[in-house]
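Ready for some practice in reading a protein structure? Take a look at the sequence and the model, then try each exercise before you read its solution.

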Amino acid sequence: MSFLRKLRYKKLSQNARVEDLIKETFRKTIHLCAALVPLFARYFFYPTVIALSIITCFYTVFEILRLKGYQIFMISSITGFAARERDKGKFVLGPVTLSIGVISTLLIFPFREASIGIMALALGDGLASLVGKFWGRQHLNISKDKTIAGSIACFTAVFISTIAISRSFIKSFFIAAIAAGTEALPLKDFDNILIPLVCAGAALILAV
């Protein structure tokens, strides 16, 4: 047990410990799962939107109950475990903004552009956080929580996912740059809303 406690708080880098790795990986696994949404929405658009909306409503209710001291089986423990230090004792907003970003992008934009935006959020933002936390060394001037390594990871992931959809090198490059720039802003959990909308909008303007 002593070994496990030491391992839990062992430093992996200047930014993270083993416990941080486990928590961040868990959070971003949920984030990365958003990449599956376009697959379901392609064949079951409205059921997908309705399901995401219902899940978001249930999550909101459970979070409110958790903050009032009620323990919901498994859900309260999972939310409490995955919460960042800045979210301790507060409503964990990330899953809500993630869902809002995905749903609003699906409803506002044509499917192709919406898919580009959602993939940018799921892969770009998700991998940026993981890479930045565990391999980032130099922080960006505009945000102490973001790193150059994370921005590079975001750009690369969005470029690859966008070019897979659009088959356009130049347009994918611009969308990836926009995604990396948006992700670098100090928006906290609200980048979950802005990234897919901005990237989908850019794809629409560029006629990807």
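Here are four exercises with worked solutions, all based on a predicted model.

**Exercise 1. Describe the overall make-up of the protein chain: how many helices and strands does the chain have, and in what pattern do they follow each other?**

Step 1: Count the elements. The chain has 10 helices and 2 strands.

Step 2: Put them in sequence order. The pattern reads α-α-α-α-α-α-α-β-β-α-α-α.

Step 3: Look at burial and contacts. Of the 208 residues, 44% are buried. Among contacts with a separation of 6 or more, 70% join residues 24 or more positions apart.

Step 4: Turn to the outside. The chain exposes about 11500 Å², and carbon and sulfur atoms supply 72% of that area.

**Exercise 2. Classify Phe40 and Thr48: is each one buried, partly exposed or exposed?**

Step 1: Locate them. Phe40 sits in helix α3, residues 37–43, while Thr48 belongs to helix α4, residues 45–67.

Step 2: Apply the cut-offs. Buried means under 20% relative accessible area and exposed means over 50%, with partly exposed in between. Phe40 has 46%, so Phe40 is partly exposed. Thr48 has 11%, so Thr48 is buried.

Step 3: Check the neighbours. Leaving aside residues within four places in sequence, Thr48 is in contact with Val37, Phe40 and Ala41.

Step 4: Place Phe40 on the surface. Together with Leu36, Leu39, Tyr43 and Phe44, Phe40 makes a nonpolar surface patch of about 580 Å².

**Exercise 3. Explore the largest nonpolar core: which residues touch the most other members, and which helix gives the most?**

Step 1: Recall a general tendency. In soluble globular proteins, nonpolar side chains tend to be buried together.

Step 2: Find the best-connected members. The core has 30 residues, of which Val102, Leu106, Cys154, Val158, Ile175 and Cys199 touch the most other members.

Step 3: Trace the helices. At least two residues each come from α3, α6 (94–108), α7 (111–135), α8 (148–166), α9 (169–183) and α10 (191–205). Helix α7 gives the most, with 8 residues.

Step 4: Zoom in on one member. Beyond its neighbours within four places in sequence, Leu106 is in contact with Val37, Ala41, Phe45, Val49, Ala114 and Ile118.

**Exercise 4. Examine Asp145: where is Asp145 found, and is Asp145 buried or exposed?**

Step 1: Find its element. Asp145 lies in strand β2, residues 143–147.

Step 2: Use the cut-off of over 50% for exposed. Asp145 has 55% relative accessibility, so Asp145 counts as exposed.

Step 3: Compare sequence with space. Asp145 and Leu185 are 40 residues apart in sequence, and their C-alpha atoms are 9.5 Å apart.

Key. Residues are numbered from 1 along each chain as its sequence is written. This is a predicted model: local features need pLDDT of at least 70, side-chain atom pairs count only at pLDDT 80 or more; totals for chains, interfaces and linings use all residues. Side-chain values use heavy atoms; hydrogens and water are left out. Patches are made of residues with over 30% relative accessible area and no salt bridge: like charges are joined within 9 Å, nonpolar side chains (Val, Leu, Ile, Met, Phe, Trp, Tyr) within 5 Å. Accessible areas come from the Shrake-Rupley method with a 1.4 Å probe; for residues, only the protein chains shown count as cover. A salt bridge is a side-chain nitrogen of Lys or Arg within 4 Å of a carboxyl oxygen of Asp or Glu. Helices (H or I, at least four residues) and strands (E, at least two) are DSSP runs, numbered from the N terminus. Buried means under 20% relative accessible area, exposed over 50%, partly exposed in between (1.4 Å probe, protein chains only). Contact means heavy atoms within 4.5 Å. A nonpolar core is a set of buried Ala, Val, Leu, Ile, Met, Phe, Trp, Tyr and Cys residues joined through side-chain atoms within 4.5 Å.
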